[in-house]
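Please walk me through this structure in the viewer, one selection at a time. For each stop, say what to select and what is found there.

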Amino acid sequence: MDLADRVLAGDQRAIARAISLVENEPDAAAGLLRHMAGRIGHARVIGVTGAPGVGKSTLVDRLAAEYRRMGRTVGILAIDPTSPISGGAILGDRVRMQRHVFDEGVYVRSMATHGRLGGLSHATSDAVLILDAAGRDVVLIETAGVGQAEVDIARTADASIVVTIPDAGDGVQAMKAGIMEIGDVFVVNKLDRPGAERAAAEIEEMLSLREYGEGTWRPPVLKTRAATGEGVAAVVEAVERFAGQPAETRERRRTRARTRLTDLLRQQFVERLEHSEETRKLLDEAVERMAAGEIDPYAAVAEIMERTS
Amino acid sequence: MARPIRVVIAKPGLDGHDRGAKVIARALRDAGMEVIYTGLRQTPEQIVEVALQEDADVIGLSILSGAHNHICPRLVSLLREKGLGDVLVVVGGIIPDADVPQLEALGISGVFQPGTPMQAISRFIESRVQRGASAAT
């Protein structure tokens, strides 16, 4: 049986190999993903994001346990940053997910952000496709922090959970800086710590600044203690309620498809230009003239577009 | 694009001393590898399952407790059972000289005793994994 068939049959080793392919060998991955067509679109894709140290891994671990209790299979993509200096990474999220290691119904993959070739967004979204095709009912994506690429991922998941902790003046500040918009469900984790009520109230206050028309989703703010599992069932319930709105899910999936499609087109368009000698010469000339200040970037692009179309 | 070498670092056994494992994890990251750190008290069964799910090229064990003669044979035989016989296994920690030949005979590719420079370990892994990759093509 070849790799694609083994992925479709749900074989863990094949899933592992296939994810390495989408991370490192785009051409081979393209061939592989072609076999997945028709088997994709069944998985519930859930993003979990928040500042470092708020308990994302522990929460993901508990969410996986909750979905397992409901009889669903789970794939987890745990993302940590690549060091920009060495290109290496320490991927440590598994430490908090050990209970699932012998459960065939939970597959955990640690991924680094890379930072080249579309990095996080391209490999992560392709890994989601693989887990989906492999029959995982739920795919949990744990992002590394609150960078722009992660916002993109979260925005295109079927549902996004934004996690913070009490008394993290910083946590709430960070949320103001952009991730407030992406949360479909907000979680104040470590509810046993002082200030949990206040943190939840602050988020509620920020949410109340938005307008909610009839039938639009107002993100709930929930409190959990992931270390013990307290409050986690309510998070799953909220996520399911949100993702259970068919129009919402369709719209998310459309966004996800469009983002991926335009990314790939952009990438392949540039590759094609660089591939042929003739067009590469055009690029090189434009670079020279731009560097010398003879032409502005817009004019250079207009020229190249005209001469290559 | 060259695929980064993926290494599972595990600390089997019951003692709680994971400093060595963390130091080597950082050193391998600084050498450009992706290090999956799994934490304390891992059984051979857990380590092999993680290596499978993570599509690891290398397993690095930190063993200080003297349990290497128990853990290593079990790990190697589980790897073969799961079809992961091509995963490179290296061991670091307190390993008596007398035990080294036996571990190597088992299929442990590298045994690193206290005082081994970090660069020697990362260079060893790089040379072995590259050799394996070119043999496969």
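Begin with the empty space inside this predicted model: the structure holds 4 cavities of 30 Å³ or more. The largest of them encloses about 80 Å³. To see its walls, select A:Arg94, A:Val95, A:Met97, A:Gln98 and A:Val101, then add B:Thr38, B:Gln42, B:Gln46 and B:Val50. In chain B, β2 (34–42) and α2 (44–53) each supply at least two residues of this lining. Coloured by class, the lining shows 4 nonpolar, 4 polar and 1 charged residues.

Keep β2 of chain B on display and pick B:Arg41, which lies in that strand. Its phi is positive, about 55 degrees, although the residue is not a glycine. Most residues other than glycine have a negative phi. B:Arg41 counts as partly exposed because its relative accessibility is 46%, which falls between the 20% and 50% limits.

Go next to the loop between α2 and β3 of chain B and select B:Asp55. Here too a residue other than glycine has a positive phi, near 50 degrees. Is B:Asp55 buried or exposed? With 7% relative accessibility B:Asp55 counts as buried, since the limit for that class is under 20%.

Now turn to the charged pairs. A search over all chains finds 31 salt bridges. Side chains of opposite charge can pair when their charged atoms come close.

Select B:Arg6 and B:Glu54, whose side chains meet in a salt bridge with an N to O distance of 2.7 Å. B:Arg6 lies in strand β1 (residues 6–12) of chain B and B:Glu54 in the loop between α2 and β3 (58–63), so the bridge ties together parts 48 residues apart in sequence. Both B:Arg6 and B:Glu54 are buried.

For a second pair, select B:Asp30 and B:Arg29, which form a salt bridge at 3.1 Å, N to O. B:Asp30 is partly exposed at 49% relative accessibility, and B:Arg29 is partly exposed at 24%. Then select A:Glu23, A:Arg94, A:Arg109, B:Arg6, B:Glu34 and B:Glu54 together: salt bridges that share partners join these residues into one network. A:Arg94 was also part of the lining of the largest cavity.

Move to chain A and select A:Arg256 with A:Asp158, a salt bridge of 3.4 Å from N to O. This pair links distant parts of the chain, 98 residues apart: A:Arg256 is in helix α10, and A:Asp158 is in the loop between α6 (148–156) and β6 (159–164). A:Asp158 is buried, with a relative accessible area of 0%.

For the surface, select A:Phe269, A:Val270, A:Val301 and A:Met305, which make a nonpolar patch of about 330 Å². Which elements give two or more residues to the nonpolar patch? They are α10 (246–275) and α12 (297–308) of chain A. Within the patch, A:Met305 sits in helix α12 and counts as partly exposed at 42% relative accessibility.

Stay on helix α12 of chain A for the last stop and select A:Ala299. A:Ala299 is partly exposed, with a relative accessible area of 28%. Add A:Leu209 and draw a distance between the C-alpha atoms: A:Ala299 and A:Leu209 are 90 residues apart along the chain, with 42 Å separating those atoms.

Methods:
Residues are numbered from 1 along each chain as its sequence is written. Chains are lettered from A and ligands numbered from 1 in the order in which they are written. This is a predicted model: local features need pLDDT of at least 70, side-chain atom pairs count only at pLDDT 80 or more; totals for chains, interfaces and linings use all residues. Side-chain values use heavy atoms; hydrogens and water are left out. Patches are made of residues with over 30% relative accessible area and no salt bridge: like charges are joined within 9 Å, nonpolar side chains (Val, Leu, Ile, Met, Phe, Trp, Tyr) within 5 Å. Accessible areas come from the Shrake-Rupley method with a 1.4 Å probe; for residues, only the protein chains shown count as cover. A salt bridge is a side-chain nitrogen of Lys or Arg within 4 Å of a carboxyl oxygen of Asp or Glu. Helices (H or I, at least four residues) and strands (E, at least two) are DSSP runs, numbered from the N terminus. Buried means under 20% relative accessible area, exposed over 50%, partly exposed in between (1.4 Å probe, protein chains only). On a 1 Å grid over the protein atoms alone, a cavity is a set of points where a 1.4 Å probe fits but cannot get out, and a pocket is an open set with protein on both sides within 12 Å along at least five of seven lines; lining residues have an atom within 4 Å of a point. Grid points are joined across faces, edges and corners, and a volume is the space filled by probe spheres set on the points. Ala, Val, Leu, Ile, Met, Phe, Trp, Tyr, Cys and Pro count as nonpolar, Asp, Glu, Lys and Arg as charged, and the others, Gly among them, as polar.
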